[in-house]
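Subject: The structure you asked about

Hi there,

Here is the structure I promised to pass on. Have a look at it first, and then read my notes underneath.

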Amino acid sequence: MTADELVDVEIRLLLEGLQQVYGYDFRDYADASIKRRLTQWLAESPFETFSQAQSRLLREPELFVSLLQGITVNVTDMFRDPSFFRTLREQVIPFLKTYPFVKIWHAGCASGEEAYSMAILLNEEGMAGRYRMYATDIDEAVLAKAAQGVMPITEMQRYTRNYQKSGGTASFADYYTARYDRAILAANLKKDIVFAPHNLVADAEFGEMNMVLCRNVMIYFKPALKERCLRLFDNSLLPGGFLCLGLKETLERRKMGDHYDELVPGSRIYRKRYG
Amino acid sequence: MAKFRAVVIGVSSGGVQALKLLLGELPADFPLPVLIVQHISPDAGNGMAKLLNNLCAIHVKEADEQEPVVPATVYLAPPNYHLLVERDGFLSLSADPPVSFARPSVDVLFESAAAVFGEGLIGVILTGANYDGSRGVQAIKQNGGIVVVQDPDDAETPQMPLAALAATEADHVVALADMAALLQSLAGGGAARRGRSTTSHA
């Protein structure tokens, strides 16, 4: 057995232990990425091997929390993939506007960059006060950060460029206040967002959504867990509702794919059929 | 004798020309899969894969998530995603933070491929202006694979080949014009394995 294969065995044992002790189940996460994230955590820890770390991880919840953050955090940008947000603005919002009130589930929202991007988009399109966005993540610490709506000021230049490319109609600087090295997002972006913990591996669906966004989250999952998530989303969506995936995720070859039409080819925005 | 199972290639600035030349010389029935990370702008779209596919005999495509890795196919990492290989031989993508300022990162692909393919892996570093890939070639060597580096004197931008050569002992250091022939002889059963490199920078 090579050194690398031995590490794989240690990781499998560790994930099994964590599931039994803490109830967090990462056994259905794709191996290569979780290995990379775990290895990074180990390199920054005082431990030499996963076997060594395991004893303390199973006994010390605080240590487990540090690991949890290392393996679940999904990094994203405001208006990541500007073309996606442009399609939302031009092709999806007109449908949403026909409803008096819409509900949106943003699954795996991490520190909230895309949820706030969505709020900016909806507000600019005249839907302020006519929507509620449920932004969920497995990691409560990252949710607390998301709810604060504070971003590093150094990112704002990039986000401004993304925003402009996405078809933004206002001045991006109006959406935040700079304070020292941080950008504090405007309060009116937060008031229609509810941040809440939700575990895609174990928890149930959200009812009667007009839109579900889950971008670049399921790429970290094995096929069976992907199918589970897609079932959750399907059960959550109203007919005519929209499912938004990452640009490299597709419903092709998926069980539920037959009930959905891609709005614009390549957009990864899928509309659920009526009946 | 070890039989090779995959080729991974890392390339940065100067990559378009280098890949045109290298992939253009590979036959349509090249017996191994070829996985490539080229540093590229996040908004670049999939034009690169289409361009190369039009120019080359071998099939070139942008990698999709959860796609099986098959021979005679070139997979390009999509812009703004890392490309990884899973143990079951499928590809996966990740939106994790850039590594060595790059997403996709050569190190990420090489390290995951080294773990899966072990001594069945050929790692290739071409022209580039940074040091991404130097950890990756170490991982390939540690897992028993072989490393091929473009001769820095031959590279449009020599930093990435130089960093790889500083990080590990390359099995072959060759000019771009000789690279396709080398890969073919390696892929054809390993007859050219070790000791036949044209020049040695080690």
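Below is what I found at two interfaces, one inside chain A and one between chain B and chain A. Please keep in mind that this is a predicted model.

**Inside chain A**

The domain assignment splits chain A into domain 1 (3–72) and domain 2 (82–272). Their C-alpha centres are 29 Å apart. Where the two meet, 12 residues of domain 1 of chain A are in contact with nine residues of domain 2 of chain A. Together the two domains bury about 1100 Å², and carbon and sulfur atoms give 57% of that area. On the domain 1 side, the residues that lose the most area to domain 2 are Tyr24(A), Asp28(A) and Tyr29(A), which together make up 41% of what that side buries.

As for polar links, there is one salt bridge across this domain interface, and three residue pairs are in polar contact (both at pLDDT 80 or more). Helix H2 (31–44) and helix H4 (61–72) of chain A each supply at least two residues of the domain 1 side. H2(A) gives the largest share, with three residues. By class, the domain 1 side has four nonpolar, three polar and five charged residues.

If you would like a salt bridge to look up in the viewer, try Lys222(A) with Asp31(A), where the closest N and O atoms are 3.5 Å apart.

**Between chain B and chain A**

Here the contact takes 27 residues from chain B and 25 residues from chain A. The two chains bury about 2200 Å² between them, with 38% of it on carbon and sulfur atoms. Glu65(B), Gln66(B) and Tyr81(B) are the residues of chain B that lose the most area to chain A, together 28% of what the chain B side buries.

How many salt bridges does the rule find across the interface of chain B and chain A? There are six. Asp64(B) also forms a salt bridge with Lys248(A), and their closest N and O atoms are 3.0 Å apart. In addition, 15 residue pairs are in polar contact across this interface (both at pLDDT 80 or more).

On the chain B side, strand S5 (82–85), strand S6 (91–94) and helix H3 (106–117) each supply at least two residues. The largest share, five residues, comes from H3(B). Sorted by class, the side of chain B that touches chain A has 11 nonpolar, six polar and 10 charged residues.

Happy to go through any of this with you.

Best wishes

Technical notes: Residues numbered from 1 in each chain as written. Chains lettered and ligands numbered in written order. Predicted model: local features only at pLDDT ≥ 70, side-chain atom pairs only at ≥ 80, totals over all residues. Heavy atoms only, no water. Domains from an automatic or database assignment. Contact = heavy atoms within 4.5 Å. Buried area = accessible area lost by both parts, 1.4 Å probe. Salt bridge = Lys/Arg side-chain N within 4 Å of Asp/Glu carboxyl O. Polar contact = N/O pair within 3.5 Å; in protein donor to acceptor, adjacent residues only side chain to side chain. Helix = DSSP H or I, 4+ residues; strand = E, 2+ residues; numbered from the N terminus. Nonpolar A, V, L, I, M, F, W, Y, C, P; charged D, E, K, R; others polar.
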